[in-house]
Every structure is written in C-alpha cells, then in structure tokens.
Amino acid sequence: MALTDPIADYLTRIRNAQQAGHRIVEIPASRMKKSITEILYDQGYILKYKFDDNEGKQGIIKIALKYDTAKKPVIRKLGRISKPGLRKFSGANDIPRIINGLGIAIVSTSKGVMTDKQARAENVGGELVCYVY
C-alpha cells in the first residue's frame, strides 16, 4: 500500500501509541523518519530508539515512548505543518517559534533535517516539516 504522506503516518502512529499507553511503537523506516527520530531523542521527547534494517523491505524504526511520573506522555502535541498538497517553506528569520520556544519545529534544510533553533543559528531556512511540544 502506498502512503501519500509517510511523515503524517509516522506522527499519527506515535500519537496513537501514546494515547493507548504503549511503551514501544514500530514504524516503517525512511531517511527522513530516522532524522526526525534522532531529533526527538536529542530533545528528550522519546526514551530510546533502534533502527532495524533487517526487517521488511525498508527496515523498521522501534521507538520507546517516554511518560512522566503520572503516566502522561511527554509529547503533549505533535502535528504536521507542511503537507503534500501545500508545502510550507520559511526563511531563517521567519521560522515560527513553537510556544515561545518551549516546543520545537522540525525543519528540512539544505544542510539536513534540524530543529528550528539550529536552523536559526546556522541561518538557513527550509521546509517546515512538523512541530512537537
């Protein structure tokens, strides 16, 4: 089955797994999804991750989700900004701040996938992929 928006599917799988209280979620891999997973780990939104390239045609990403002491998910909200039908691009100075800098926006730039803060620091713009807080 061909997906029209694999990044939205990635975000939806994480959102659904958290609402169901799962500890681990498995997602079909791609380079973009691996980059987003690494950013989520570096920013402290997920506990662990593992890239399993031996399973399936393209490999699988296994993500251990993170919960606080009250068993509420650490990721309060995550959503897609740029969609296949309407791409959203932004210059380095115009990248939005998510909740006044408390959340992150993930940006796909010419220098790779990075957070909004890194993109501003390196003075590069790009496609606004998603936001997380």
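**Exercise 1. Is Asp-5 buried or exposed, judged by its relative accessibility? State also where Asp-5 lies and which residues it touches.**

Solution. The model under study is predicted. Begin with the position: Asp-5 belongs to the segment before α1. Next, consider the accessibility. A residue counts as buried under 20% relative accessible area. The value for Asp-5 is 15%, so Asp-5 is buried. Finally, examine the surroundings. With neighbours within four places in sequence left aside, Asp-5 is in contact with Arg-80 and Pro-84. The sequence separation of Asp-5 and Arg-80 is 75 residues, while their C-alpha atoms lie 10.0 Å apart in space.

**Exercise 2. Determine the order of the strands in the open sheet of 3 strands, and identify its edge strands.**

Solution. The order across the open sheet is β1-β3-β2, and the pairing is antiparallel. The strands that pair on one side only are β1 (24-28) and β2 (46-52), and these are the edge strands. From one strand to the next, the twist averages 20 degrees.

The pairing of β1 can then be followed in detail. β1 and β3 (residues 60-65) are joined in the antiparallel sense over 5 bridges. Within this pairing, Glu-26 has Lys-62 of β3 as its bridge partner, and Ile-27 stands opposite Ile-61 in β3.

**Exercise 3. Describe to which faces the side chains of β1 point, and state which of them are buried.**

Solution. The general pattern comes first: side chains in a regular strand alternate between the two faces of the sheet. In β1, Val-25 and Ile-27 point to one face and are buried. Ile-24, Glu-26 and Pro-28 point to the other face and are not buried.

**Exercise 4. Locate the helices α1 and α2 relative to the sheet, and describe how the two helices meet.**

Solution. Take each helix in turn. Helix α1 (residues 6-20) packs on the sheet and touches β1 and β3; its direction makes about 165 degrees with that of β1. Helix α2 (residues 31-42) lies across β1, β2 and β3, and runs at about 155 degrees to β2.

Now consider the pair. Two packed helices are described by the angle between their axes and the distance between the axes. For α1 and α2, the axes come within 10 Å and cross at roughly 40 degrees. The two helices are therefore oblique to each other. The crossing in which α1 passes α2 is right-handed.

The residues involved complete the description. On the side of α1 they are Pro-6, Ile-7, Tyr-10 and Ile-14; on the side of α2 they are Met-32, Lys-33, Ile-36, Thr-37 and Leu-40. These contact residues divide into 7 nonpolar, 1 polar and 1 charged.

**Exercise 5. Establish whether Asp-52 is buried or exposed, and list the residues that it touches.**

Solution. Asp-52 is placed in strand β2. Its relative accessibility is 14%, so Asp-52 counts as buried. When residues up to four places away in sequence are not counted, Asp-52 touches Gly-59, Ile-60 and Lys-62. For Asp-52 and Lys-62, 10 residues apart along the chain, the C-alpha atoms are separated by 7.5 Å.

**Exercise 6. Characterise Gly-79 by its place, its accessibility and its contacts.**

Solution. Gly-79 is found in strand β4. With a relative accessible area of 6%, Gly-79 is buried. Leaving aside neighbours within four places in sequence, the residues in contact with Gly-79 are Leu-11, Arg-15, Cys-130 and Tyr-131. A further distance concerns Tyr-45: Gly-79 and Tyr-45 are 34 residues apart in sequence and 14 Å apart in space, C-alpha to C-alpha.

**Exercise 7. What is the sign of phi in Lys-71 and in Asn-123, and where do these residues lie?**

Solution. As background, most residues other than glycine have a negative phi. In Lys-71, phi is near 60 degrees, a positive value in a residue other than glycine. Asn-123 likewise is not a glycine and has a positive phi of about 60 degrees.

The locations follow. Lys-71 lies in the loop between β3 and β4 (78-80), and Asn-123 in the loop between α3 (116-122) and β8 (126-132).

As to accessibility, a residue is exposed over 50%. Lys-71 has a relative accessible area of 65% and is therefore exposed. Asn-123, at 55% relative accessibility, also counts as exposed.

How values were computed. Residues numbered from 1 in each chain as written. Predicted model: local features only at pLDDT ≥ 70, side-chain atom pairs only at ≥ 80, totals over all residues. Heavy atoms only, no water. Pairing = 2+ DSSP bridges. Helix = DSSP H or I, 4+ residues; strand = E, 2+ residues; numbered from the N terminus. Axes fitted to C-alpha atoms, helices over the stretch in contact; angles between N-to-C directions. Contact = heavy atoms within 4.5 Å. Buried < 20%, exposed > 50% of the residue type's maximum accessible area, 1.4 Å probe, protein only. Parallel < 35°, antiparallel > 145°, perpendicular 65-115°, else oblique. Left-handed = near helix turned anticlockwise from the far one by under 90°. Nonpolar A, V, L, I, M, F, W, Y, C, P; charged D, E, K, R; others polar.
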